[in-house]
Structure formats: C-alpha cells, structure tokens
Amino acid sequence: MNSRSKYEVSTLENASTNVRADNNSSVQSSKVVKNVKKKQLSLRTKLAFSVGHVFNDLCASMWFSYLLTFLELVLRFESRMTGALLLLGQVADAIATPLIGIQSDKRYNFLLCRYGRRKIWHLIGTVLIAATFPFLFNKCLGCADRDQWLQFAYYGVFVTIFQIGWAANQVAHVSLITDLTPFSAERVELNAYRHAFTVISSICVYSITWVVLGVSEDNDTERQLGPQDAHLFRNIVFSVLPVGIAFSVIFHFFVKETNPETQETRQNQNTEDTGVPLEALDSYRPRSYSFDINALIHSNHAENNDSKIQRQSHGTDEGKLQFDSEIELNLAENHGEQHLTWKEWLKKLQFYEVAFVYMASRMFVNLSQVYTPLYLQDTLRLPRESIAIVPLVTYLSGFLSSLAMKPVSVKIGTKVTLLGGSIISIITCIWVFFGTTEAFISWQIYIVGGLFGIGGTTMLVASLAITADLIAHNTNSGAFVFGAMSFFDKLGNGAVVLLIQELNPKQNTAINTSDDWYHRSVLAFACGGSALLTLLGLLILSRSQHKLQTSESKAVLKVSEE
C-alpha cells in the first residue's frame, strides 16, 4: 500500500472516530436534557412551596409595623419596656436561626423526622407561631391591671417562643429550596414566587388593618389609637391567623420532601444513566425564567456562569454552545476555584465592611417601619387608619422600585445605585423634620411614605447585591455570610430600638402627652443617620476595594516584568 493510500485510510479512520464521538456526545446530551425535564418541579409543587412562608410574612408585617404601637398607645407600656421586648425578640431570633439551621441539616432516623428534615422544622415553627402570636396583640390574661414588670415577663415568654417558631419556619422553608431542585433556574423561580406571596401577604395585613380601624362600631374614625382599641388589634390578628394556617396546610399537603438518602441514590443513578453528575446539571438554565431580586442570593454565581457562556458562544457557527459544553465549563470553574471557609471569612476586612453597609441599610428600613405608625399617631395626630394607609403606600412604592433595580444597577452600577438610594433617604428624612404645615399633614405625608419605600428598598437591594458580589464563587459558604449579615442586623437593630425607647422623654404615655416631637426626631435623625452610615460604609468599602485592586495590579505587573 502506497503512502497516499495509507493517508486516505488514516483520514477515513479519524473521520469515523469523530463521527462516533459526536454521536455519543449527542446521545449523552439528549439523555441529560430528558433527565432535566423529568426532574423539574410541577407548577402545583412550586405554588404550594411558595405559600409556605405566608404565615411568617403576615406575622412579620404586624411585628415590625404594629408591636411598638400596640404596646405604647394601647397597653400604655413604658417606652424602655417596649424596646426591651423588641430587643428580646431580635436576640432570640438571632440565636435560634443558626442553631435551627444546623439541626435541620442533620439526618435523624427516628420516626418523626421521616416526615422530612425540613418540613418537620417548618411544622414545629408553624405550631409555635399559631400558639403564641395571638397573645402578642391582646391584653395580658389575668394580669392586665398588674405591675408592668409582671406583664413584661408575660409577653416576654410569648415573644421568645414566637421568634423561635418564626426562625424555624423561615430556615426550614429557605433550606428546602435546594432540596427540592438541583437546578439554579428553578431555584430562582421558587424565590420569585416566594417573593410575590410576600408582597401579597404584606398588602393583605395593611388592607385588613385599614378596614378594621376605619370601619368600627364606634364610628369615631377621626381619633387616635388608645386603650379602648385593644379589641381591634385582636380582630386583626384573628383575621390573618386562619389565612396563614390555611396556606401552611396547603404547603404541607402538596409539597413532598425527598429523603436525603433517596437524593443520593437518585444522584448516583443519574450519573450512571448520563455520565454527568447531577450537580453539573445546575448549569442548565432555561432562559425563559424571570429574575427576582430576592433570588440574587441564590443565583448570583449562576448568572456569572451564564454571561461567560454567552460570551464564549458568540463566535460559534450557530451562535450558541451545546449543552455538554455548558456542563464542562461549569465543572471546570467549580473545580478550579478555591472556596473560603467560615473561619477564613472572619479574617477578611471586607466581610465586616459589607456587613456594616448591610446593617445600616437594613436599619433604615426597620426603623422607618417601626416608628412611622407612632409618628403618625403621636406627632401628626392623624386618624387611626393612617397607620395602615401610609405603610401600604410605602410598601407598594418600594415593591415597584425593586422591579427597576436590575436594569438601573446594570447601567450605572450597584454602588452608584446604593448612593442614589441613600441620597433619596436622607432628603426624605430632612423633609420629615421640617414637615409641620397643614399641607404636609394632609397630603405630603403620603409622598414622604412613598419616598421612604423607594429609598429603603433601593439601599437594601443594592446592599444585598454587594453582599452577593462579596461571596462571588464561594457559594459553599454563602449561607454563613448571609447568616452573619442577618445576625449583625438583628442585634444592631434591636440595640438601636432599645436606645431610642430609653431616650424617649415620654416614658409613661398615660401621664405625659406633650412631647409629640420625639418620633419626628426619630424618623429624621435615626433613619437619616442610618442612611448617612450607609454612605460612610460605602465610601470605606470602595476605598478598601480600590486599594486591593491597586495592590493586585502592582503584583501582576511585577510578575510580568520578572
């Protein structure tokens, strides 16, 4: 056989090998896509999961918006005691959240936990909430006329149990997302549905409060809240309670949690069937799913993968990469990067700088939510239903502004977005301080409420994005980072509320009713100060990142010169 014939035979063999490889790759990709579709959640499961946090959302809206108002204006508690109760709840939540998270990750074999390691904690939390929440907005049973310290102990027990139940419900529900589906696209979608029902829950609370306070048997809707309105808050609680319980029942009935051992068996079976580990399928992200701000926590790393895939696929013949190429890219990236542990996070300066920014922005949102009802009643002397209308305006404006956050931050950057939100918040607080005219009381207050929502939501969403950027590819320790941010937030906010309540000159609302300027000052200086602290934290963080980038550039330049 001459050399030309040998060359032709060799060429034919190589071509045949390439065809077989392409066919095998095509068959493998086909199997993977079929496996992805088979493992996707049904719409019924997605919706049933999404309503599992409605009970928490209903209670959270009442907790932050009306607890201090109920304790001070209706029960006539001293300000320092109301602050201490709120701090007690925040501390209980901060401690219970990581502990319950650790326990829910463990695998117990006793009969009760076979119901589902996440769902059993969700069920425990639901029972604790249902058993304690009605007592928080009702008079002290058997001790309504006794010493306030005795009443403090009474409410303190229910506050602690309620917050433990709230933490159990929240941790179990969030943790269940990764157990239900291995795909980032579906996790984003679950968070989108979850956020939608959070919005609906808050609107439901404020609407019910508006109706109950605006339409009552005494027909005196122009007056402010007082001890005679205790039954109205009881009616509000018993209106939202059955709604929350009903949605929790739907969640437990329709959502089936997969046993961890069964998950491992399915993962091994998937690898045998397709030759691709199940975690690699996480890179398969259908482009039809919408993006949700709250899902940024769970999908930031996957979005970065998508952008890399799209950039690399731009030059291909058909304008896109094959699915198996996406898997290879995802696996190569995951195996090529070193992930930080929680101990290593504690040694990073930027970890604390970002935590400061997040805590300050969250403090603005929480303080405005807590003290707006007191400001409306104690300072502006507006009708009692105003404590429902203005917060409703604030929440709706904040929700609408959150829809614009992604395109705005893409165009101008996350830090500039945070800067803009801080400036809006500071201007709003200045407006509150000088808002004493009749025009302000009659209609400008609703514009101020809307600006509180826009400024607070912008700062909070941007700070979440900065936190997600800090985590970057360190998704294995991402839960610790966000847990730590939440821990700092809860303790910081609780301590500030306690300080504000301690400094209140009107410690006994039943005796002194002349100091109506205080809650205006709280919104102006405490909320405004939180916005200023957010700006300060942003400047410190930007300077630190600039120094880090400069040092890295010098190191790279030095290496290239050598």
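Two rings of Phe, Tyr or Trp are taken as an aromatic pair if their centres lie within 6.5 Å, with the six-membered ring used for Trp. In this predicted model, the structure holds 22 such pairs, and they make a convenient place to begin the tour.

**First stop: two phenylalanine pairs**

Select Phe135 and Phe158, whose ring centres are 4.4 Å apart and whose planes meet at 5 degrees; planes under 30 degrees apart count as stacked, so this pair is stacked. The two residues belong to distant parts of the chain, with Phe135 in helix H5 (residues 117-136) and Phe158 in helix H6 (residues 148-180), 23 residues apart. If you colour by accessibility, Phe135 comes out as partly exposed at 27% relative accessibility, whereas Phe158 counts as buried at 16%.

Now move to Phe433 and Phe434, an aromatic pair of the edge-to-face kind, with 5.1 Å from centre to centre and 90 degrees between the planes. Phe433 is partly exposed, at 35% relative accessibility, while Phe434, at 61%, counts as exposed.

**Second stop: an aromatic cluster and a charge over a ring**

Select Trp63, Tyr66, Phe70, Phe133, Phe137, Phe162, Tyr206 and Phe233 together, and you will have one aromatic cluster on screen. From there, go to Phe253 and Lys256, where the charged end of the lysine sits over the phenylalanine ring, 6.0 Å from the ring centre.

**Third stop: helix H5**

Phe133, a member of the cluster, is also one of the buried residues of H5, so called because its relative accessible area is under 20%. The buried residues of this helix also include Arg117, Arg118, Lys119, His122 and Pro134. Show H5 as a ribbon and follow its 20 residues from end to end: the first and last C-alpha atoms are 29 Å apart, close to the 28 Å expected at 1.5 Å a residue. Along the way, look for a bend of about 30 degrees at Ala130, which is followed within four residues by a proline, Pro134.

**Fourth stop: helix H17**

Next select residues 438-471, which form helix H17. How far apart should the ends of its 34 residues be at 1.5 Å a residue? The expected span is 50 Å, and the end C-alpha atoms are 49 Å apart, which agrees. Turn the view until Gln444 is in profile, since H17 bends there by about 60 degrees. The helix is mostly covered, with 24 of its 34 residues buried. Just after H17 comes Ala472, a residue whose phi is positive, near 50 degrees.

**Fifth stop: Ser368 and Thr428, which share a neighbour**

Select Ser368, in helix H13 (residues 349-379), which is buried with a relative accessible area of 9%. Is its side chain paired with backbone atoms, and what are they? A polar atom of the Ser368 side chain lies 3.0 Å from the backbone oxygen of Phe364, and the side chain also reaches the backbone oxygen of Val365 at 2.8 Å. Leaving aside residues up to four places away in sequence, Ser368 touches Phe452, Leu523 and Cys527.

Keep Phe452 displayed and add Thr428, found in helix H16 (residues 414-434) and buried at a relative accessible area of 1%. With residues up to four places away in sequence again left out, Thr428 touches Val448, Leu451 and Phe452.

**Sixth stop: two arginines with positive phi**

Two loops are worth opening in turn. Arg76 lies in the loop between helix H3 (54-74) and helix H4 (79-105), and its phi is near 60 degrees, a positive value in a residue other than glycine; the residue is partly exposed, with a relative accessible area of 26%. Arg381 lies in the loop between H13 and helix H14 (386-403), with a positive phi near 55 degrees, and this residue too is not a glycine. At 38% relative accessibility, Arg381 counts as partly exposed.

**Last stop: a long-range approach**

Finally, select Phe487 in helix H18 (residues 478-503), which is partly exposed with a relative accessible area of 33%. Then add Ala94: although the two residues are 393 residues apart along the chain, their C-alpha atoms are separated by 5.2 Å.

Conventions
Residues are numbered from 1 along each chain as its sequence is written. This is a predicted model: local features need pLDDT of at least 70, side-chain atom pairs count only at pLDDT 80 or more; totals for chains, interfaces and linings use all residues. Side-chain values use heavy atoms; hydrogens and water are left out. The expected span of a helix is 1.5 Å times one less than its number of residues. The bend at a residue is the angle between axes fitted to the seven residues ending there and the seven starting there. Buried means under 20% relative accessible area, exposed over 50%, partly exposed in between (1.4 Å probe, protein chains only). Rings of Phe, Tyr and Trp (its six-membered ring) pair if their centres lie within 6.5 Å; planes under 30 degrees apart count as stacked, over 60 as edge-to-face and the rest as tilted. A charge sits over a ring if NZ of Lys or CZ of Arg is within 6 Å of the ring centre and within 35 degrees of the ring normal. A polar contact is a pair of N or O atoms within 3.5 Å; within protein, one must be able to donate a hydrogen and the other to accept it, and residues adjacent in sequence count only if both atoms are side-chain atoms. Contact means heavy atoms within 4.5 Å.
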